[in-house]
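User: I should like to learn how the features of a structural model are read, one at a time. Please give the general idea in each case and then apply it to the structure shown here.

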2 protein chains.
Amino acid sequence: MADPYDIRAGEVAITLPERFDASLYFIGRIRTPWTTREKCPRNPRESDAVCTIDVDERFAAALKGVETCSHLIVLYWMDRARRDLVQQRPRHYDETRGTFALRSPVRPNPIALSVVRLLKVEGTRLSVVGLDCLDGTPLLDLKPYFASTDAAPEAEVGWHRGRQG
Amino acid sequence: MADPYDIRAGEVAITLPERFDASLYFIGRIRTPWTTREKCPRNPRESDAVCTIDVDERFAAALKGVETCSHLIVLYWMDRARRDLVQQRPRHYDETRGTFALRSPVRPNPIALSVVRLLKVEGTRLSVVGLDCLDGTPLLDLKPYFASTDAAPEAEVGWHRGRQG
């Protein structure tokens, strides 16, 4: 079976820097129905599945007020992704594009971001809609979504125009 | 002069985990007109200043296609922020709230996120509107902004309702 993280024709890898510059804590885990990459939805709006975010007890007090938010920004760590590709050709696209023009998990810092709808908070467990990641994905951060600064409904991704998903 | 990162009455600090779980590369630098925290706009829509993102040459090829995006998500590292506060009372608010209900730079993983309007790409230099960070802030990632999954104009932050900024 082909390794889905193998390099494809036209893709470009670089040598990464020798040293890291900063470090992260995993602050919880994301629970989803998807246990293989193939089963994951192609993007977060492709599924209405309710997913669970389990925040570590250590950070329980940091959730005060979160329940008043209708939407959250979830940052998580794509721990299985290679980091050295600067040009990529995802499975469902025909052309090679730059990593910073794609939402692929493969990137120098594999931090993913999803905007989720918050259904409820019970202790350190959040129920949300709008995730598309693998079960067990490490959580990095939760932020309130402010429509005033985070919503840009007029935004366009030129290369993606006219495509489905 | 008071250290702006000092703890305030009602704020709660925790002991952070003993070990880190993952590491980051700084992939560029953000250039803004603001050299002290006091001079930074309170949020990214408070200023129309054109800011510059300098991506390291090593990642130049990763910008292919970025110029077709009207908006980008910029992730950057708040390298001066403490990481151990779970409840905070930002200067301009009256109440203590959980870190995950705030956009404060002080958080276990001080990754900040801004949605910016892309004006132009010249080589590895991007001109954008919508940043509010200090000059010299380390860059972590650039992502295309997809209105279909990232825009939630109906979102509400309950505790913030009726406030200005």
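**Reading the barrel and the pair of chains**

Analyst: In chain B, 6 strands close into a barrel, in the order β3-β4-β9-β8-β5-β10, with antiparallel pairing. Neighbouring strands of this sheet are turned against each other by 45° on average, direction ignored. Please note that this is a predicted model.

User: How many bridges join strand β8 to strand β9 of chain B, and in which sense do the two strands run?

Analyst: The pairing of two strands is read from the bridges between them. Here 5 bridges connect β8 (residues 111-122) with β9 (residues 125-129) of chain B, and the two strands run antiparallel. At the level of residues, B:Leu118 faces B:Val128, which belongs to β9(B).

User: What confidence does the model carry for chain A?

Analyst: Confidence is read per residue and for the model as a whole. The average pLDDT of chain A is 92, and 96% of the residues score at least 70. The model as a whole has an ipTM of 0.93 and a pTM of 0.94.

User: Which secondary structure elements make up chain A, and in what order do they run?

Analyst: Chain A has 10 strands and 1 helix. From the N terminus, the strands follow one another and the helix ends the series: β-β-β-β-β-β-β-β-β-β-α.

User: How is the radius of gyration of chain A to be judged?

Analyst: The value is set against the one expected for a compact globule. For 165 residues that expectation is near 15 Å, and the 17 Å of chain A agrees with it. The C-alpha trace of chain A spans about 50 × 40 × 35 Å along its principal axes. Of its 165 residues, 42% count as buried. Among the contacts in chain A with a separation of 6 or more, 74% link residues 24 or more positions apart.

User: What relates chain A to chain B?

Analyst: One copy is superposed on the other, and the operation is then examined. A turn of 180° with a shift of 0.0 Å along the axis lays chain A on chain B with an RMSD of 0.0 Å. The two copies are therefore related as by a two-fold rotation axis. Both copies use the same surface, as 100% of the contact residues of chain A recur in chain B.

User: How many residues does each chain give to the contact?

Analyst: Chain A contributes 64 residues and chain B contributes 65 residues. On the side of chain A, the elements that give two or more residues include β2 (22-24), β8 (111-122) and α1 (147-150). The largest share on this side, 6 residues, comes from β10(A).

User: Is B:Val74 buried or exposed?

Analyst: Burial is judged by counting C-beta neighbours, with 20 or more as the cut-off for a buried residue. B:Val74 is buried because 26 other C-beta atoms lie within 10 Å. This residue sits in strand β5 (residues 71-77) of chain B. Its contacts beyond four places in sequence are B:Ile53, B:Ser114, B:Val116, B:Leu131 and B:Leu142. B:Val74 and B:Leu142 are 68 residues apart in sequence, yet 4.9 Å apart in space, C-alpha to C-alpha.

User: Where is B:Arg89 placed?

Analyst: B:Arg89 lies in the loop between β6 (85-88) and β7 (97-98) of chain B. It counts as partly exposed, with 18 C-beta neighbours inside 10 Å. Beyond four places in sequence, B:Arg89 is in contact with B:Arg8, B:Gly10, B:Glu11, B:Glu95 and B:Thr96.

Methods
Residues are numbered from 1 along each chain as its sequence is written. Chains are lettered from A and ligands numbered from 1 in the order in which they are written. This is a predicted model: local features need pLDDT of at least 70, side-chain atom pairs count only at pLDDT 80 or more; totals for chains, interfaces and linings use all residues. Helices (H or I, at least four residues) and strands (E, at least two) are DSSP runs, numbered from the N terminus. The radius of gyration is taken over C-alpha atoms; the globule rule is 2.2 Å times the number of residues to the power 0.38. A residue is buried if 20 or more other C-beta atoms lie within 10 Å of its own, exposed if 12 or fewer, and partly exposed in between; C-beta atoms are placed from the backbone. Two residues are in contact if their C-beta atoms, placed from the backbone, lie within 7 Å. pLDDT is the predictor's confidence in each residue, from 0 to 100. Two strands pair if DSSP finds at least two bridges between them. Axes are lines fitted to C-alpha atoms, for helices over the stretch in contact, and angles run from 0 to 180 degrees between N-to-C directions. Copies are superposed by least squares on the C-alpha atoms of residues with pLDDT of at least 70 in both.
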